[in-house]
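Reader: I would like a close look at a single part of this model, taken slowly and with its surroundings. Could you walk me through it in one connected account?

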Amino acid sequence: MDLKELYREVILDHNRSPRNFGRLEPADATAVGRNPLCGDRLDVTLRMEGDRVADVRFDGQGCAISMASASLMSEAIKGRRRDEIERLYQDVHALLTGHARGDGELGKLAALGGVAEFPARVKCASLCWHTLHAALNETRAPVSTE
Ligand code: ZN
């Protein structure tokens, strides 16, 4: 399967049936993200166990790419330590901007590489990661890609 097919398939699948959709109540960390350019809006809630993300949910509304990316992210980060997530975040950012350093540990997230061909959608795909980053760093101010 080439990247385009993989991209289409994974985005469609995760948009149709998003994983970890909803909210954690109570949550240990939470952040709100917005991408005004497209109208995407995301809430990320986390439950921490020491340095590890024990559980994650995302909630919100947006385009297929923003929702699918958040769904993929939620699967990828569950059970991971902060430093692992930070590395993943860097790898995904490189992938989305067309500077991927090999597939590394991206797994299914590699399908997001298809976004690099559509620069206008990079902010849609990266919104959930910026929001996650804010939640992990306990930023109180809403996150905006603008
Ligand atoms: Zn979008």
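Author: What follows starts from one helix, moves to the loop after it, and ends at the metal site. Please keep in mind throughout that this is a predicted model.

The helix in question is H1, which spans residues 3-16 and holds asparagine 15. With a relative accessibility of 33%, asparagine 15 counts as partly exposed, because that value falls between the 20% limit for buried and the 50% limit for exposed. Leaving aside residues up to four places away in sequence, the contacts of asparagine 15 are Ala64, Met67 and Ala68. The C-alpha atom of asparagine 15 is also 10.0 Å from that of glycine 62, although 47 residues separate the two along the chain.

These contacts belong to a wider meeting of H1 with H2, in which Tyr7, Val10, Ile11, His14 and Asn15 of H1 face a set from H2 made up of Ala64, Ile65, Met67, Ala68, Ser71, Leu72 and Glu75. By type, the residues of this contact comprise eight nonpolar, three polar and one charged. The two helix axes come within 8 Å and cross at roughly 85°, so H1 is roughly perpendicular to H2, an angle of 65 to 115 degrees being what that term requires.

Beyond H1, the loop that leads to strand E1 has two backbone features to check. Asparagine 20, in the loop between H1 and E1, has a positive phi of about 60° even though it is not a glycine, and at 18% relative accessibility it counts as buried, because the limit is 20%. Proline 26 is placed in the loop between H1 and strand E1 (29-35), and the peptide bond that joins glutamate 25 to proline 26 is cis, with omega near -5°. As background to both features, most residues other than glycine have a negative phi, and most peptide bonds are trans.

The last part of this account is the zinc ion, whose protein donors are the SG atoms of Cys38, Cys63 and Cys124 together with Asp40, listed twice through OD, at 2.2 to 2.7 Å from the ion. Along the chain these donors follow the spacing C-x1-D-x22-C-x60-C. Cysteine 63 sits in the loop between strand E3 (52-61) and helix H2 (64-77), whereas cysteine 124 is in helix H4 (residues 122-136), so this pair ties together parts that are 61 residues apart in sequence. Cysteine 63 is buried, with a relative accessible area of 14%, and cysteine 124 is likewise buried, with a value of 1%.

Terms used:
Residues numbered from 1 in each chain as written. Predicted model: local features only at pLDDT ≥ 70, side-chain atom pairs only at ≥ 80, totals over all residues. Heavy atoms only, no water. Helix = DSSP H or I, 4+ residues; strand = E, 2+ residues; numbered from the N terminus. Buried < 20%, exposed > 50% of the residue type's maximum accessible area, 1.4 Å probe, protein only. Contact = heavy atoms within 4.5 Å. Donors = N, O, S within 2.8 Å, 3.2 Å for Na, K, Ca; no water. Axes fitted to C-alpha atoms, helices over the stretch in contact; angles between N-to-C directions. Parallel < 35°, antiparallel > 145°, perpendicular 65-115°, else oblique. Nonpolar A, V, L, I, M, F, W, Y, C, P; charged D, E, K, R; others polar.
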